[in-house]
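Welcome, and thanks for taking a look at this one with us. Below is a short briefing to read alongside the model.

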Amino acid sequence: MAAKVSETNRDNDLSRLLRLLPHRYPFLMVDKVVELAEGLVRTLKNVTINEPFFTGHFPGNPVMPGVLIVEALAQSAAILALSEIRAVKPHLFVLTGIEKVRFRRKVVPGDQLEIEIKLMKHHRPLWKMRGEARVGGELAVEAELSAMEMAEVDQEQPS
């Protein structure tokens, strides 16, 4: 059964993400965990005009790079994997494959990426997941992601 993240825990979402993922600004591509269940995670990424990549991609016609949308899928997949192994410390996951990637619509400032990741299979340290990123319910990107769990990560926490 899926567990929605309660409104009372909303303010703790980002700090929980920062503890689980080793990524930091400007490369943290997940803003909120909406739902987390066995084999499933739903996250959000708010796409804002002040993202550093919009300066050059593309001036006067800002479009979120597809590889960064795939990165948001991968980070969401890492959150799911960390939940599955009940991690209390950050772990490093590296992508080992990206398959069946399809870009269906552009993503622009003001959009909110609704990301859903489903676990296909895993045999630690290997993971395979399927992800979709939608904007307003419309499919923007889909992909199958393979990753390898490398190790726990020791890092200083932001103050």
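Strands are DSSP runs of E of at least two residues, and they are numbered from the N terminus. By that numbering, Leu92 sits in strand E4, which covers residues 91-103. Please keep in mind that this is a predicted model.

**Overall layout**
- The protein chain holds two helices and seven strands.
- Read from the N terminus, its elements follow the order β-α-β-β-α-β-β-β-β.
- The chain has 159 residues, and 44% of them count as buried.
- If you take the contacts between residues at least 6 apart in sequence, 64% of them join residues at least 24 apart.
- About 8800 Å² of the protein chain is exposed, with carbon and sulfur atoms supplying 54% of that area.

**The nonpolar core**
- In soluble globular proteins, nonpolar side chains tend to be buried together.
- Here, the largest nonpolar core contains 39 residues, and Met64, Leu73, Val107, Leu113 and Ile117 have the most contacts inside it.
- Two or more residues come from each of strand E2 (32-37), helix H2 (66-84), strand E5 (112-123), strand E6 (126-135) and strand E7 (138-152).
- Helix H2 is the top contributor to this core, giving 12 residues.
- Leaving aside residues up to four places away in sequence, Met64 touches Met29, Lys45, Val47, Phe53, Phe54, His57, Ile69, Val107 and Leu113.

**A buried glutamate in strand E2**
- Glu35 belongs to strand E2.
- Its relative accessibility is 7%, so Glu35 counts as buried, the cut-off being under 20%.
- The side chain of Glu35 makes a polar contact of 2.6 Å with the side chain of Arg42.

**A nonpolar patch on the surface**
- Leu92, Val94 and Met150 together make a nonpolar surface patch of about 230 Å².
- Within this patch, Leu92 has a relative accessible area of 37% and is therefore partly exposed, a class that lies between 20% and 50%.

**The loop before strand E2**
- Pro26 lies in the loop that runs between helix H1 (13-20) and E2.
- With 43% relative accessibility, Pro26 counts as partly exposed.
- Pro26 and Phe53 are 27 residues apart along the chain, and their C-alpha atoms are separated by 9.3 Å.
- Phe53 also appears among the residues that Met64 touches.

How values were computed. Residues are numbered from 1 along each chain as its sequence is written. This is a predicted model: local features need pLDDT of at least 70, side-chain atom pairs count only at pLDDT 80 or more; totals for chains, interfaces and linings use all residues. Side-chain values use heavy atoms; hydrogens and water are left out. Helices (H or I, at least four residues) and strands (E, at least two) are DSSP runs, numbered from the N terminus. Buried means under 20% relative accessible area, exposed over 50%, partly exposed in between (1.4 Å probe, protein chains only). Contact means heavy atoms within 4.5 Å. Accessible areas come from the Shrake-Rupley method with a 1.4 Å probe; for residues, only the protein chains shown count as cover. A nonpolar core is a set of buried Ala, Val, Leu, Ile, Met, Phe, Trp, Tyr and Cys residues joined through side-chain atoms within 4.5 Å. A polar contact is a pair of N or O atoms within 3.5 Å; within protein, one must be able to donate a hydrogen and the other to accept it, and residues adjacent in sequence count only if both atoms are side-chain atoms. Patches are made of residues with over 30% relative accessible area and no salt bridge: like charges are joined within 9 Å, nonpolar side chains (Val, Leu, Ile, Met, Phe, Trp, Tyr) within 5 Å. A salt bridge is a side-chain nitrogen of Lys or Arg within 4 Å of a carboxyl oxygen of Asp or Glu.
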